Amino acid sequence: MAPGMLFLLGLLVSTVLVQVDADIDYGSALTKSLLYFEAQRSGKLPSGQRVTWRGDSALKDGSDAGIDLNGGYYDAGDNVKFGFPMAFTVSLLSWSVVEYGSKLSNKGELQNALDAIKWGTDYLINAHPAPNTLYVEVGDGNSDHQCWQRPEDMTTPRNSFKIDESKPGSDVAAETAAALAAASIAFASSDSNYAFTLLTHAKQLFDFARNHRGLYQNSVPVAGVFYSSSGDDDEIAWASAWLYIATGDFTYQNFLSSENNGGARSEFSWDDKFVGAQTLISKASTSQNQIIKIRFCCMVPTNQRT
């Protein structure tokens, strides 16, 4: 299966929510898209797992580094967890909820979408054990591609790879910040405490990305073999846009002003998010009241409000 299928399904979830052709059952496509994510789950599966032919897998992920990296999503038909496209997938799923939450609810899929997001964000939170540390891959793509095993039975290496101050990856750090900031908005109305946790990690990761620039494949070459980044300006802009919407803090908008705006682009993908950032900031400029409301929900946990 081609690389990137995981994030393509995230894009499909967004796409089917805006279709109106009565002759095509887009509701079924939406349901199947979300079911796909359950089939891609790694770790200890929940009791409500609907894809019952999947079992627990990779329960010791992170043990080589003394950290719990259970959970998250496998990439496409592989048994590797690549943090870069996974974070982009979470960003798109979150954007779907933020933009089309009422339509998802009408189709009875809102909770399934939130569950899909949380399966990814729980993993990304665990992968960020310190402000300037982020684990960006578990498993080895080369050996994985030589072996056709289902994840429940895999025997390929499960090495963990990270970025930090000495080996930066501002592209993947900013992308993860964008994912967590977007998810904080998606959860703002249903779980403000979780939204606050997500936003805290997002801010730390954005600072990490801004203060320690460098492409992640230079620090983790094994990841770059499969998902090599062409630059980090788009991820910085993308994360800035989401953090601005989540907080209402004009500091993040200022980052957008100081960065290259990307100009005219020919695609929106896991490796080029300029179009997404441009769209977000243009919509945000006409939604100040909503931004203020979201900021209050995400910035203050329920047990700290007065």
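Biologist: Which element gives the largest share of the lining of the largest cavity?

Modeller: Let's start inside this predicted model. The lining of the largest cavity includes Leu134, Tyr135 and Val136, and strand β2 covers residues 134-138. With three residues, the largest share of that lining comes from β2.

Biologist: What is the volume of the largest cavity?

Modeller: Counting cavities of 30 Å³ or more gives one. The elements that give two or more residues to its lining are α4 (110-126), β2 and α6. As for the largest cavity, its volume is about 30 Å³.

Biologist: In what order do the three strands form the sheet?

Modeller: The chain has 13 helices and three strands. The strands pair in the antiparallel sense, and the sheet they form is open. Their order is β1-β2-β3.

Biologist: Which strands stand at the edges?

Modeller: Look for strands with a single partner. Such a strand has one partner strand, so one side of it is left without a neighbour in the sheet. The edge strands are β1 (81-82) and β3 (160-163).

Biologist: Which residue in β2 stands opposite Phe82?

Modeller: Strands β1 and β2 pair over two bridges, in the antiparallel sense. Phe82 lies in β1, which covers 81-82. Across from Phe82 in β2 stands Glu137.

Biologist: What angle does the direction of helix α6 make with that of β2?

Modeller: Helix α6, residues 170-186, packs on the sheet. There α6 touches both β2 and β3. The angle between the directions of α6 and β2 is about 100 degrees.

Biologist: How many residues does α6 give to the largest nonpolar core?

Modeller: That core has 79 residues, and those with the most contacts inside it are Ile117, Ile163, Phe206, Tyr216 and Trp242. The largest share of the core comes from α6. In soluble globular proteins, nonpolar side chains tend to be buried together. The share from α6 is 12 residues.

Biologist: Which residue of β3 is in contact with Tyr216?

Modeller: Leave aside the neighbours of Tyr216 within four places in sequence. Its contacts then include Phe84, Val136, Ile163 and Tyr227. Strand β3 covers 160-163, so the residue to pick is Ile163.

Biologist: Is Lys44 buried or exposed?

Modeller: Lys44 is found in the loop between α2 (26-39) and β1. Leaving aside neighbours within four places in sequence, Lys44 is in contact with Asp56, Leu59, Asn70 and Trp119. Its relative accessible area is 54%, and the cut-off for exposed is over 50%. Therefore Lys44 counts as exposed.

Biologist: How many Å apart in space are Lys44 and Gly55?

Modeller: Along the sequence, these two are 11 residues apart. In space, we go from C-alpha to C-alpha. That distance is 7.9 Å.

Biologist: Is Ala58 buried or exposed?

Modeller: Ala58 has its place in the loop between α2 and β1. Its phi is positive, about 50 degrees, although Ala58 is not a glycine. The relative accessible area is 14%, and the cut-off for buried is under 20%. So Ala58 is buried.

Biologist: What is the relative accessibility of Ala76?

Modeller: Ala76 is found in the loop between α2 and β1. Its phi is a positive value near 50 degrees, in a residue other than glycine. Ala76 counts as buried, and its relative accessibility is 3%.

Conventions
Residues numbered from 1 in each chain as written. Predicted model: local features only at pLDDT ≥ 70, side-chain atom pairs only at ≥ 80, totals over all residues. Heavy atoms only, no water. Pairing = 2+ DSSP bridges. Helix = DSSP H or I, 4+ residues; strand = E, 2+ residues; numbered from the N terminus. Contact = heavy atoms within 4.5 Å. Axes fitted to C-alpha atoms, helices over the stretch in contact; angles between N-to-C directions. Core = buried A, V, L, I, M, F, W, Y, C linked by side-chain atoms within 4.5 Å. Buried < 20%, exposed > 50% of the residue type's maximum accessible area, 1.4 Å probe, protein only. 1 Å grid on protein atoms, 1.4 Å probe; cavity = no way out; pocket = protein on both sides within 12 Å on 5 of 7 lines; lining within 4 Å. Points joined across faces, edges and corners; volume = space filled by probe spheres on them.
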